[in-house]
Amino acid sequence: MPERNTMKKIQELQQVKGDAYDYYIAGNEDTDLFEKIFLVDDIVEEICKPDKYFLIGEKGSGKTAYSVYMSKSDKINSFCSISLVENTLYQRFLNMKRQKALELSSFKDVWINLIYLILAEKIRKEYGETFFSSIKYKQLSKAIDVFYSDAFKPEFVNAFEFVDNASASINSMMKQGLFSTGTKASAETSQKYVEQSFQISLLKIRDGFEKAFMSVNLKKPTILFVDGIDARPRDIDNEQYFECLVGLVNAVLEMNQSFLKEKQIKIMLLIRPDIMYKMPVHNMNQKLRNNSVLLNWVTSYRKYIDSKLFKIADDYFMKQQDYSYELGECWNYYFPYKVEYQEKWKAPDNPFVEFLRYSLYKPRDILTMLNEMVDATSGTQFKHSDFEGILSNYSTYLKGELKDYMLIYMDDSDYNNFSIFFDYFQGHRNFNYKFFEEKHLEYIKYLRELGRKIPPFMETASEALQLLYDTNIICYKIYETLPNGKRKNKMFWSYKERNYANMQPEVKKGGEYSFHMAYARAFRLF
């Protein structure tokens, strides 16, 4: 085993990009570190299962990282790719709804055609024209080329043109003979499609796509990851945003349960648990159990060394060395100190426990803290003061993540009014329900005196408590009496209680609560 003095100095270490999608669009050299520290686990196998359509996880939990790894790695026996839902796409849906009197139920059909078009182009780019012996698929490819003048890029915004200009798209398909059978081909190419109803045109385009895809046989399974829906664009409201997403979720379900399953073609949507919970989908509980992969990084302080999060943190250092080391060796080298507590009865902890205390048990939280420490430190090893020194920047990151989460339900002014609520808890990291009700009443009175709007889900104390619990800002506590007579509190966090059967756990009313250490610091409660 090499000597520890062969470890790289802190200033020689690379930082990991905060957004995994940056590695997807980057060159192979830039993805080297990402692929090295990416944790290949049983989740990859779950994602590959044909009946898994939804990858569910909080923002920063690794949804994009899994899709990027599977799209870039040569160790995956599937053709995987990613398509982002761009912010401008939602406005296109709303314009289409207004201009073409589109029914909300037809949003699903628009999404299906968009996904088919992107799939068709990505598959063609992967295998090349010569791979396809199917006449129908070649006819589809030609129709796409003619429509886009050979300049189509497989992105949703570009694909929207094909669907929006339905008559031109259908005529392009007809001209290539896509809807014809046998001797009818020449007759069809001379016909012209006249649109009577946009809804009917959507179904006609879909029929053309399905005729082409039914004739295709690919060498290996295909997965299209649909990403980018974790945040609501500022120019559309909450209701409009969810209208678009309901159509997308229903499109993913319908396509995955169609003949595409026999072709081993799958669409997988990356989605937050709170958004998935609000989808009005028939038999949702069953679909969550059978058709979803839920990312859960929960561990305990005592068993941290066996956790996936610790493996990621250790690999951050180990995979950048010139030699290989056992699990924990690199971490213990760079973090040689112990975390001491004011309470003398508490035994000193490994520094990773403090990382867990300040995180929401998400890879991005841990990697953000490590990036901040590497950026701010030089030399051979970290000190506890180095960790404390990055907490201000980490608080800024955490508040940014919270704002992104909340802006699905609120606009900027709502969020500013929401933030005021924390001013009422200065010096009170721990509180009971009666205290919470009193502070909530003061807060509502203050906003009304100023003539300000009360933010969504903040109207009542009960709603506000649930919102803070959903966002993991607070936990609720119950106390257990031990055999020796001492009381021990047990904390319940939303992200720890969440599972396939309980996607949005309820907070216990009337009890005692505590702010998360990181949020308490970010909002300067102590």
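1. In this predicted model, the contact between helix 7 and helix 9 brings Leu-140, Ala-143, Val-146 and Phe-147 of helix 7 against Ala-168, Ser-169, Ser-172 and Met-173 of helix 9. Sorted by class, the residues of this contact comprise six nonpolar and two polar ones, with no charged residue taking part. Helix 7 spans residues 135-148 and helix 9 spans residues 166-175, and the two pack with their axes 8 Å apart at an angle of about 135 degrees. Since angles over 145 degrees would be needed for a roughly antiparallel arrangement, helix 7 and helix 9 are therefore described as oblique to each other. The crossing in which helix 7 passes helix 9 is right-handed.

2. Ser-149 deserves a look in the same part of the chain, as its place is in the loop between helix 7 and helix 8, the latter covering residues 156-164. Its phi is near 50 degrees, which is a positive value in a residue other than glycine. Ser-149 has a relative accessibility of 58% and so counts as exposed, the cut-off for that class being over 50%.

3. A second residue to check for its backbone is Ala-101, which has a positive phi of about 50 degrees although it is not a glycine. Ala-101 lies in the loop between helix 5 (88-99) and helix 6 (107-127), and with a relative accessible area of 59% Ala-101 is exposed.

4. Helix 6 in turn packs on helix 12, which comprises residues 238-256; their axes come within 8 Å and cross at roughly 60 degrees. That angle makes helix 6 oblique to helix 12, and the crossing of the two helices is right-handed. On the side of helix 6 the contact is made by Phe-107, Lys-108, Trp-111, Ile-112, Ile-115 and Tyr-116, while helix 12 contributes Glu-243, Cys-244, Gly-247, Leu-248, Asn-250, Ala-251, Glu-254 and Met-255. The residues of the contact of helix 6 with helix 12 divide into nine nonpolar, two polar and three charged.

5. Asp-315, a residue of helix 15 (residues 308-318), raises the matter of burial: with a relative accessible area of 2%, Asp-315 is buried, since the class takes in values under 20%. If its neighbours within four places in sequence are left aside, Asp-315 is in contact with Ile-37 and Gln-320.

6. The sheet to examine is an open one, formed by four strands in the order 6-9-7-8 with antiparallel pairing. Its edges are strand 6 (430-432) and strand 8 (487-492), each of which pairs on one side only, and the twist from one strand to the next averages 35 degrees. Strand 6 and strand 9 (residues 512-515) run antiparallel and are joined by three bridges; among the bridge partners, Asn-432 is matched with Glu-512 in strand 9.

7. Two helices can be placed with respect to this sheet. Helix 21, made up of residues 433-449, lies across strand 6 and strand 9 and runs at about 90 degrees to strand 6. Helix 22, made up of residues 461-470, lies across strand 7 (474-481), strand 8 and strand 9, and its direction is at about 90 degrees to strand 7. Strand 9 is thus named in the description of helix 21 and again in that of helix 22.

Definitions and conventions
Residues are numbered from 1 along each chain as its sequence is written. This is a predicted model: local features need pLDDT of at least 70, side-chain atom pairs count only at pLDDT 80 or more; totals for chains, interfaces and linings use all residues. Side-chain values use heavy atoms; hydrogens and water are left out. Axes are lines fitted to C-alpha atoms, for helices over the stretch in contact, and angles run from 0 to 180 degrees between N-to-C directions. Angles under 35 degrees count as roughly parallel, over 145 as roughly antiparallel, 65 to 115 as roughly perpendicular and the rest as oblique. A crossing is left-handed if the near helix is turned anticlockwise from the far one by less than a right angle, and right-handed if clockwise. Contact means heavy atoms within 4.5 Å. Ala, Val, Leu, Ile, Met, Phe, Trp, Tyr, Cys and Pro count as nonpolar, Asp, Glu, Lys and Arg as charged, and the others, Gly among them, as polar. Buried means under 20% relative accessible area, exposed over 50%, partly exposed in between (1.4 Å probe, protein chains only). Two strands pair if DSSP finds at least two bridges between them.
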